[in-house]
Amino acid sequence: MSKDIHTDAVNHLFDAILCLQNREECYTFFEDICTINELLALSQRFEVAHMLREQKTYLDIAEKTGASTATISRVNRSLNYGNDGYDMVFSRIEGKKEES
């Protein structure tokens, strides 16, 4: 049974994240709210997703990111069967690059 993440506490957290204005503010906030390992784990998953979208092999991804095959598989499952959150963000990042 999956837990409902749509709670007042999660809404409050997301509102806090949405008020951050630049990368330096992100560093300041996330260094306070996350442990270094939690932040590195999140960034690792994001890098894994990026590499999967570029059709990299699990072996290449594991070597470059240090992610386990279980983590790579979990991220791949999110890319294929998730809520398209990764795709939404990657497409916005690409859009910003094209504007520059």
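Which residues form a nonpolar patch on the surface? Leu13, Phe14, Leu18 and Ile33 do, and together they offer about 390 Å² of accessible area. Keep in mind that this is a predicted model. The protein is built from six helices and zero strands, and 15% of its 100 residues count as buried. Here's a quick tour, topic by topic.

**Overall layout**

- Reading along the sequence, you get the pattern α-α-α-α-α-α.
- The C-alpha trace spans about 45 × 35 × 25 Å along its principal axes.

**The nonpolar patch**

- Helix H1, which covers residues 8-18, gives the most to the nonpolar patch, with three residues.
- Leucine 13 is part of the patch and lies in helix H1.
- With a relative accessible area of 32%, leucine 13 is partly exposed, because partly exposed covers the range between 20% and 50%.

**The largest pocket**

- The largest pocket holds about 2000 Å³ of space.
- Its lining counts 35 residues, and Ile17, Phe30, Leu42, Phe46 and Val89 are the ones nearest the centre.
- Five helices each supply at least two residues of that lining: H1, H2 (23-33), H3 (36-53), H5 (69-81) and H6.
- Helix H6 provides the largest share of the lining, seven residues.

**Aromatic rings**

- The count of aromatic pairs comes to four.
- One of them joins phenylalanine 29 and phenylalanine 30, with 5.5 Å centre to centre and 85° between the planes, an edge-to-face pair.
- Phenylalanine 29 has 23% relative accessibility, so it counts as partly exposed.
- Tyrosine 86 and phenylalanine 90 make a stacked pair, because their planes sit at 15° with the ring centres 6.3 Å apart, and planes under 30 degrees apart count as stacked.
- These two residues are separated by about one helical turn, because tyrosine 86 and phenylalanine 90 are four residues apart in helix H6 (residues 85-99).
- Phenylalanine 90 is buried, at 4% relative accessibility.
- Phe46, Tyr86 and Phe90 belong to one aromatic cluster, and Phe46 also turns up among the residues nearest the centre of the largest pocket.

**Salt bridges**

- Searching the whole structure turns up three salt bridges.
- Lysine 64 pairs with glutamate 47, and their closest N and O atoms are 3.5 Å apart.
- That pair links distant parts of the chain, with lysine 64 in helix H4 (residues 58-65) and glutamate 47 in helix H3, 17 residues apart.
- Is lysine 64 buried or exposed? Lysine 64 counts as exposed, at 59% relative accessibility, while glutamate 47 is partly exposed at 29%.
- Arginine 53 and aspartate 87 meet through their side chains in another salt bridge, at 3.1 Å from N to O.
- Arginine 53 sits in helix H3 and aspartate 87 in helix H6, so this salt bridge ties together parts that are 34 residues apart in sequence.
- Both partners are partly exposed: arginine 53 has a relative accessible area of 40%, and aspartate 87 comes in at 27%.
- Lysine 97 and glutamate 94 form a salt bridge too, with 3.7 Å from N to O.
- Here both residues lie in helix H6, three residues apart, about one turn of the helix.
- Lysine 97 is exposed with a relative accessible area of 53%, whereas glutamate 94 is partly exposed at 37% relative accessibility.

Note on methods:
Residues are numbered from 1 along each chain as its sequence is written. This is a predicted model: local features need pLDDT of at least 70, side-chain atom pairs count only at pLDDT 80 or more; totals for chains, interfaces and linings use all residues. Side-chain values use heavy atoms; hydrogens and water are left out. Rings of Phe, Tyr and Trp (its six-membered ring) pair if their centres lie within 6.5 Å; planes under 30 degrees apart count as stacked, over 60 as edge-to-face and the rest as tilted. Buried means under 20% relative accessible area, exposed over 50%, partly exposed in between (1.4 Å probe, protein chains only). Patches are made of residues with over 30% relative accessible area and no salt bridge: like charges are joined within 9 Å, nonpolar side chains (Val, Leu, Ile, Met, Phe, Trp, Tyr) within 5 Å. Accessible areas come from the Shrake-Rupley method with a 1.4 Å probe; for residues, only the protein chains shown count as cover. A salt bridge is a side-chain nitrogen of Lys or Arg within 4 Å of a carboxyl oxygen of Asp or Glu. On a 1 Å grid over the protein atoms alone, a cavity is a set of points where a 1.4 Å probe fits but cannot get out, and a pocket is an open set with protein on both sides within 12 Å along at least five of seven lines; lining residues have an atom within 4 Å of a point. Grid points are joined across faces, edges and corners, and a volume is the space filled by probe spheres set on the points.
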